[in-house]
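The following exchange asks how particular descriptions of a structure are justified. Each reply sets a value against its criterion.

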Amino acid sequence: MVKDKLVEMREYLTANTWVNIDFKQSDQGKKIEMPPVQKAIRTDQELIALPDVNPEVIQTSNYYDLVANRESRRQFTDQELSMTELSFLLWATQGVRKQTGKHVFRNVPSAGNRHTFETYLAINRVESLAKGIYRYLPLEHALVLETEFSDGAELEEEMKQAANMQSFFASAAVGFIWTTIPYRMEWRYLDCTAKMIAIDAGHVCQNLYLAAGAIGCGTCAMAAYNQAKADALLKVDGKDEFVVYMAPVGKV
Ligand SMILES: Cc1cc2nc3c(=O)[nH]c(=O)nc-3n(C[C@H](O)[C@H](O)[C@H](O)COP(=O)(O)O)c2cc1C
């Protein structure tokens, strides 16, 4: 990319887009209804209940140790995760903290509480879950199955391709894949959207690092994935919803 273009793109990282927003021009300013906080499920999908969040899964609760020992992990054992462990990781990364009317507050912060992410899981080895692609529903603290993979090798291959051939992603017990639905942010923040979504994503993944560390697991933030293949794996359109970040989780 030419230098001028790079310098021009820096503008998106500044607060200028924020300060100069004309909120009256936003869909919120035009009194258009707030978009749903969670993507609807299909009529053929059934909720898969997650166990209540149980702090007894935590092996390390010393905050100093969790921060000091945080590191990106790319090698995992072939142990499976329990449903209670998965429940804990989802709660830590996107779980609902409180709800007041239509405003849903989560365990991670988000610019203007817009929360544009959906969490998809590529499940390789989780107690009692068939291999496949699932989606987390924070409001119900439940999962829905998006696509079942009867052939485990096929799922691993698709995960590897989605991760741009970074094969460690496919060796994890579960692959977290976050999409964004940018309109949830654009509805209020217009030009400032890209910066806000990128910052929001960091908070989610950092909570995954710390929560994984607390239960004897490891993870690795991943942004160098294959956009088209990751979107295709989740069956999202790549425009109104697309993958922004992913992270494998497994026992270490
Ligand atoms: C935004 C972001 C994107 C990253 N993408 C990848 C990736 O695609 N593949 C990978 O192996 N590591 C990726 N990493 C992990 C970094 O390589 C890692 O954080 C860095 O080397 C420092 O190591 P540490 O996390 O153990 O401190 C990413 C990290 C961040 C924060």
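Q: What makes Q38, V96 and V104 contacts of L139?
A: Two residues are in contact if their C-beta atoms, placed from the backbone, lie within 7 Å. L139 touches Q38, V96 and V104 by this criterion, not counting residues up to four places away in sequence. The model is a predicted one, in which local features need pLDDT of at least 70, side-chain atom pairs count only at pLDDT 80 or more, and totals for chains, interfaces and linings use all residues. Residues are numbered from 1 along each chain as its sequence is written.

Q: Why is L139 classed as buried, partly exposed or exposed?
A: A residue is buried if 20 or more other C-beta atoms, placed from the backbone, lie within 10 Å of its own, exposed if 12 or fewer, and partly exposed in between. L139 has 11 C-beta neighbours inside 10 Å and therefore counts as exposed. Its place is in the loop between β5 and β6, strands being DSSP runs of E with at least two residues and helices runs of H or I with at least four, numbered from the N terminus.

Q: What class does H141 receive, and why?
A: H141 has 19 C-beta neighbours inside 10 Å, so this residue counts as partly exposed. H141 lies in the loop between β5 (132–137) and β6 (142–148), and touches L50 and G95, not counting residues up to four places away in sequence.

Q: Why is F169 called buried or exposed?
A: F169 is buried because 26 other C-beta atoms lie within 10 Å. The residue is placed in the loop between α5 (152–162) and β7 (174–180). Among the residues that F169 touches are M159, M222, M246 and P248.

Q: Which residues have the most contacts inside the largest nonpolar core, and what makes it a core?
A: A nonpolar core is a set of buried Ala, Val, Leu, Ile, Met, Phe, Trp, Tyr and Cys residues joined through C-beta atoms within 7 Å. The largest such set has 63 residues, and V174, L208 and M246 have the most contacts inside it. Helix α7 (residues 193–214) gives the most to this core, with ten residues. M246 touches, among others, A163, F169, W178 and Y225.

Q: How do you know what handedness the crossing of α4 and α7 has?
A: A crossing is left-handed if the near helix is turned anticlockwise from the far one by less than a right angle, and right-handed if clockwise. On that basis α4 passes α7 in a right-handed crossing. The axes of helix α4 (residues 83–94) and α7 come within 8 Å and cross at roughly 145°; axes are lines fitted to C-alpha atoms, for helices over the stretch in contact, with angles from 0 to 180 degrees between N-to-C directions. The contact is made by F88, L89, A92, T93 and Q94 of α4 and V204, N207, L208, A211 and A212 of α7.

Q: What is notable about the phi of N113 and of S128?
A: Most residues other than glycine have a negative phi. N113 has a positive phi of about 55° although it is not a glycine, and phi of S128 is near 65°, also a positive value in a residue other than glycine.

Q: Why are N113 and S128 classed as buried or exposed?
A: N113 is exposed because 12 other C-beta atoms lie within 10 Å. S128 counts as exposed because this residue has 8 C-beta neighbours inside 10 Å.
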